[in-house]
Each structure stands twice: as structure tokens, then as C-alpha cells.
Amino acid sequence: MLIDTHAHLTDLRFDGEVEDIIKKSQDSTVEFIITSGANLLTSQKAVALAEKFDCVFSSVGVHPQDADSYNDMVEKELENLAKSSKVVAIGEIGLEYLDGCVDREIQKLVFERQIKLAYKLNLPIVIHTREAIGDTMKILKMHKEYLINGGTLHCFSESLEVAKEAIQLGLNISVGGVSTFSNAKRLQDVIKKIPIESIILETDCPYLAPTPFRGQRNDPSFIPYIAENLANLKEMGVEEIAKITTENARRLFKI
């Protein structure tokens, strides 16, 4: 059995189909799905969805694209949401430095606040970083005392050096559909060189569907394709990959 550790089942592209998608995923040997919040509204929806379906869990948090919406009230609401037994992480949180994104200093402040919130709530963190890995790692290292509950670099696509630094901080490396792309040789080389005990699987659906579905709407039922590709990269059996990555996810998210 497999675990999709990062999905967005609250995305509008899944409207009216969530129950069918969950059933299809279970039929594809996906035991659990963690659906992620990106702001207060999607966090609320994620928790409601998790409480409706036994096989769904959720994370709650404010994505860097929404960092300017973060305030004391939002933080209190996230803390209240996290009282649900179905909330297993704070996320996704982090930094994104693409043109047009929220002011970087605001992003950093909100990232730091949510790291401390996760520590207060004894939860791991789910980290989003895009064109911002330098500052992301700097903040994580500066706040390493708050990382005792672990976390993961979601949708990992960085260097081997970054992967090793993250693992030293007690973080996991989350492998998704990008790892199956033919033009992802650098990422594939990194995956080959890091311990399987630090790897978990995700789809980030509806985005980044793995080969052979690249360009289509992604969903948790595609996790087996990511697992099979990982097995090929690590020269291991698919069943062993499934067993170890599932154990890793269970340990991190206390499922």
C-alpha cells in the first residue's frame, strides 16, 4: 500500500469528483491521502474533507503566494483547525520568489511564524520552495530547534547538497511526478544518491502528473507510477519501495 503525502483535493478541478477519485486511488493501492491547505479557506476545506473520509488526512497552513493574508486571526484559526485528529502537519508553507509574488520579507516572516506554530502544536512542516532555496535553507537552519517534529521538502527538485543538508536537519525528501520526466536527469541522479529511508511520495495533484500522463490532470491514483520509477532509480523492488516509503510517511505524519 502507498501514501500520497501531498495532494490538493480541494482544487476546483476536482469539484464533484472527489469521492470517485478517492475510490479510484484506493483501487490503485493508495491507502492514505494527505490533502494540503494553501490558505485559511483551503485549509478549512481540507480538514472538512479529511473528517469526511477515513483514508484522507490534511495539513493546514498558508502558502507563500498568500503570505500577505497571514495575521494573528489566521494563525489562531489554523491552531484551532489543527485540533482535529485528521490534521497531521502544518503546510504548505515556505518561500516563492517568482516575479509578482508577495514581498520577500513578508514571506520570510510568515514562514518563520508557521515553523514556530508547528513546533507549538507538535506537528511536522510541509515546505514549499520555488526559486528561493537559499533563503529557505537559511531559515530552516536558523530555526532548527523548532524542527524536532520533522518535515519534508515538498516536490523536491533541488541539488544533492541541499538534499543532504535537509536530511541532516531531520527533514524528508518528497518525490513526485517530476522525477519521472525524461528531462529530470539531475533530479534522478540526486534521488539515486540519497537514502530511501528519507524519501516519501507525493502527487501534488492536480499538478505535475507523472509520465505517461504528463500534461493531464494529476490525481492520487498515479502514485504507483511514481513508486515504480523510484524503484527503477534505486534498483529496488516496487513492493520494497512501497513498504519503506509508506513507513517513512507513517512515521513522519504519525498516521
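Visitor: Which residues of helix α6 are buried?
Guide: In this predicted model, helix α6 spans residues 160-168, and its buried residues are V162, A163 and A166.

Visitor: Why are they on the same side of α6?
Guide: Because they cover an arc of only 100° around the axis, they end up on the same side of α6.

Visitor: And which exposed residues sit on the face turned away from that buried side?
Guide: That face of α6 carries E161 and Q168, both exposed.

Visitor: What covers the buried residues?
Guide: The cover includes two helices, α5 (133-142) and α7 (185-193), and two strands, β6 (151-153) and β7 (171-175).

Visitor: What does G170 do just after α6?
Guide: G170 takes a positive phi there, of about 90°.

Visitor: Switching to the sheet. How many strands, and in what order?
Guide: There are eight strands in an open sheet, ordered β1-β2-β3-β4-β5-β6-β7-β8, and the pairing is parallel.

Visitor: Which strands stand at the edges?
Guide: β1 (2-7) and β8 (199-201) do. Each has a single partner strand, so one side of each lacks a neighbour in the sheet.

Visitor: By how much are neighbouring strands turned against each other?
Guide: On average by 30°, with direction ignored.

Visitor: What holds strands of a sheet together in pairs, generally?
Guide: Backbone hydrogen bonds, in either a parallel or an antiparallel arrangement.

Visitor: Back to this one. How many bridges join β3 to β4?
Guide: Three bridges join β3 (residues 56-60) to β4 (residues 87-96), and the two strands run parallel.

Visitor: What stands opposite S58?
Guide: V87 in β4 stands opposite S58.

Note on methods. Residues numbered from 1 in each chain as written. Predicted model: local features only at pLDDT ≥ 70, side-chain atom pairs only at ≥ 80, totals over all residues. Heavy atoms only, no water. Buried < 20%, exposed > 50% of the residue type's maximum accessible area, 1.4 Å probe, protein only. Helix = DSSP H or I, 4+ residues; strand = E, 2+ residues; numbered from the N terminus. Arc of directions from axis to C-beta. Contact = heavy atoms within 4.5 Å. Pairing = 2+ DSSP bridges. Axes fitted to C-alpha atoms, helices over the stretch in contact; angles between N-to-C directions.
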